[in-house]
Amino acid sequence: MHNGKKVKKQKIMEAAYQLFCENGYKKTKIADIAVAAGIGKGTVYEYFDSKEALLLSIFSSGTEEYLADCQAVIESQDTEKEKLINLIKIEAKCTKENGARIMKMSQMILDTSDGLSADFIKKMNEEWNKKYAFYRQILNRGIEAGEFRKMDTDMAAVAIIGAVGSYLHVKYGVSTLPEIVLPFDVEALQKEEMVELLLRGIQN
């Protein structure tokens, strides 16, 4: 895709994102998006087959780079603990750059899930499964190498993804909203300490 087309596609996606956030996915029409992007309605369809395809593109933007970075971590010669830390660093970078946006998109999709196709839900599920597979692979290899104790790696992967996601969304998502006042110093929350908490637990 030529640079001019990339710019126009990004402009359409940004206009759609703003309207989806302001008016909701269901109430936003392709014609509204075209007006906000300063283009004709037909031009939107040159880039996206449907409004749902546009939503999926917004949600998935940056995913290819994220997955490539994660794959590079998996294929590195680092220890499994180092790989786990590096995966979390990638998550932190992604969330720091797009925290509030991710929160709004996730909520929007939850609010409109009953109106989304099975294909859309499947594609979202596939992306989550790829993330899960990275964590589970590191845990299994860490157990084989003697770095981690034996455990249910399904449960552990889900727990780590949940804990990391909650931590990052508080630090880079919730805390960025002007109406939110947190009962602790969000700047004091460091990912290195969280990793140690995940690895060591809370017992003496």
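Is Phe 120 buried or exposed, and what is its relative accessible area? Phe 120 is buried, and its relative accessible area is 1%. Welcome to a quick tour of this predicted model, whose protein chain has nine helices and zero strands. We start with the whole chain and then visit a few residues one by one.

**The chain as a whole**

- Reading along the sequence gives the pattern α-α-α-α-α-α-α-α-α.
- The C-alpha trace of the protein chain spans about 60 × 40 × 35 Å along its principal axes.
- Of the 204 residues in the protein chain, 33% are buried.
- Take the contacts in the protein chain with a separation of 6 or more: 66% of them are between residues 24 or more positions apart.

**Surface and charge**

- About 12,400 Å² of the protein chain is exposed, and 53% of that area comes from carbon and sulfur atoms.
- The protein chain carries 28 positive and 30 negative charges, and the mean positions of these two sets are 4 Å apart.

**Phe 120 and Ala 118 in helix H7**

- Phe 120 has its place in helix H7, which covers residues 118-144.
- Leaving aside residues up to four places away in sequence, Phe 120 touches Glu 52, Leu 55, Leu 56 and Ile 109.
- Phe 120 counts as buried because its relative accessible area of 1% falls under the 20% cut-off.
- Between Phe 120 and Glu 196 there are 36 Å in space, C-alpha to C-alpha, and the two are 76 residues apart in sequence.
- Ala 118 is also found in helix H7, but Ala 118 counts as exposed, at 66% relative accessibility.
- Ala 118 and Tyr 172 are 54 residues apart along the chain, with 31 Å separating their C-alpha atoms.

**Aromatic rings**

- The structure holds two aromatic pairs. In one of them, Trp 128 and Tyr 132 have ring centres 5.7 Å apart and planes at 10 degrees, so this pair is stacked.
- The angle settles the label: planes under 30 degrees apart count as stacked, and the planes of Trp 128 and Tyr 132 are at 10 degrees.
- Trp 128 and Tyr 132 are four residues apart in helix H7, so about one helical turn separates them.
- The two partners have their own burial classes: Trp 128 is partly exposed, with a relative accessible area of 38%, whereas Tyr 132 is buried, at 19%.
- Elsewhere, a charged side chain meets a ring: Lys 51 lies over the face of Tyr 25, at 4.5 Å from the ring centre.

**Towards the end of the chain**

- Glu 187 sits in the loop between helix H8 (153-172) and H9. With 57% relative accessibility, Glu 187 is exposed.
- Glu 187 and Tyr 172 are 15 residues apart along the chain, and 10.0 Å separates their C-alpha atoms.
- Ile 202 belongs to the segment after helix H9 (191-200). Ile 202 is exposed, and its relative accessible area is 78%.
- From Ile 202 to Ala 163 the distance is 14 Å, C-alpha to C-alpha, for two residues that are 39 residues apart in sequence.

Definitions and conventions. Residues numbered from 1 in each chain as written. Predicted model: local features only at pLDDT ≥ 70, side-chain atom pairs only at ≥ 80, totals over all residues. Heavy atoms only, no water. Helix = DSSP H or I, 4+ residues; strand = E, 2+ residues; numbered from the N terminus. Buried < 20%, exposed > 50% of the residue type's maximum accessible area, 1.4 Å probe, protein only. Contact = heavy atoms within 4.5 Å. Areas by Shrake-Rupley, 256 points an atom, 1.4 Å probe, with all protein chains shown as cover. Lys, Arg positive; Asp, Glu negative; His and termini not counted. Charge placed at Lys NZ, Arg CZ, Asp CG, Glu CD. Phe/Tyr/Trp six-rings, centres within 6.5 Å; stacked < 30°, edge-to-face > 60°. Lys NZ or Arg CZ within 6 Å of the ring centre and 35° of its normal.
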